[in-house]
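Colleague: I'm new to this one and would like a close look at a single part, the aromatic residues and what lies around them. Could you walk me through that?

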Amino acid sequence: MNTTLETTADPLPDELALLGERLTAFNDADVGASERMALAVFVRDEDGAVVAGISGYTAWGWLYVQWLWVDERLRGQHMAGKMLDAAEQEAMARGCQSAWIDTFNPNAARVYQRQGYQTFGTLADFPIGRSRIFLRKKLSPA
């Protein structure tokens with residue numbers, strides 16, 4: 001088989017989908033089906049506009065929070081904690097036992113720690129001058 005190596009900043013969506021499908025098939029065969037399912041929590045204002053939210057997914061018994069954003073006007077009102085609580089409740093309903101999140105914002109890390117998340121690793125200088133902080137939490141029914 002002759003091959004070529006291509007580097008691109010503009011990958012085709014169907015080629016990215018192919019990578020995801022092939023890796024999913026490999027992982028499913030290796031460790032079992034992930035049962036991956038999207039999970040989102042939104043906070044909306046009186047006009048229905050999103051003013052805070054979480055985006056992530058559940059898989060292999062874990063909740064992964066990929067994005068968590070709170071509009072500046074709502075910060076300091078425990079909105080992140082409320083959204084995390086809602087995401088964790090849904091994750092437990094889906095059979096998840098644990099959650100993880102990462103950030104390079106020290107203030108966000110403190111918010112997550114107040115919610116019971118514990119640091120399990122850091123990656124220095126990601127981005128330069130900061131550390132990416134990885135946190136996890138054992139979920140337990142109320």
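Modeller: Sure, let's start with Y64: it counts as buried, because its relative accessibility is 12% and the cut-off for buried is under 20%. Keep in mind that this is a predicted model. Y64 has a ring partner, Y57, and the two form an edge-to-face aromatic pair. Their centres are 5.4 Å apart, with 65° between the planes. Bring in W100 and you have one aromatic cluster made of Y57, Y64 and W100. Across the model, the count of aromatic pairs comes to 3. Y57 also has a charged visitor: R36 lies over its face, 3.6 Å from the ring centre.

Now for the setting. The chain has 3 helices and 6 strands, and along the sequence they run α-β-β-β-α-β-α-β-β. Of its 142 residues, 29% are buried. The largest nonpolar core has 27 residues, and V43, I54, L63, V70, M83, Y112 and Y117 are the ones with the most contacts inside it. Among the elements giving two or more residues to this core are β2 (50-59), β3 (62-70) and β4 (98-103), while the largest share, 7 residues, comes from α2.

I54 is a good residue to click on next. Leaving aside neighbours within four places in sequence, I54 is in contact with L39, A40, V41, V65, W67, L68, M83, L84 and A87. For the chain as a whole, 48% of the contacts with a separation of 6 or more are between residues 24 or more positions apart.

Definitions and conventions:
Residues numbered from 1 in each chain as written. Predicted model: local features only at pLDDT ≥ 70, side-chain atom pairs only at ≥ 80, totals over all residues. Heavy atoms only, no water. Core = buried A, V, L, I, M, F, W, Y, C linked by side-chain atoms within 4.5 Å. Buried < 20%, exposed > 50% of the residue type's maximum accessible area, 1.4 Å probe, protein only. Helix = DSSP H or I, 4+ residues; strand = E, 2+ residues; numbered from the N terminus. Contact = heavy atoms within 4.5 Å. Phe/Tyr/Trp six-rings, centres within 6.5 Å; stacked < 30°, edge-to-face > 60°. Lys NZ or Arg CZ within 6 Å of the ring centre and 35° of its normal.
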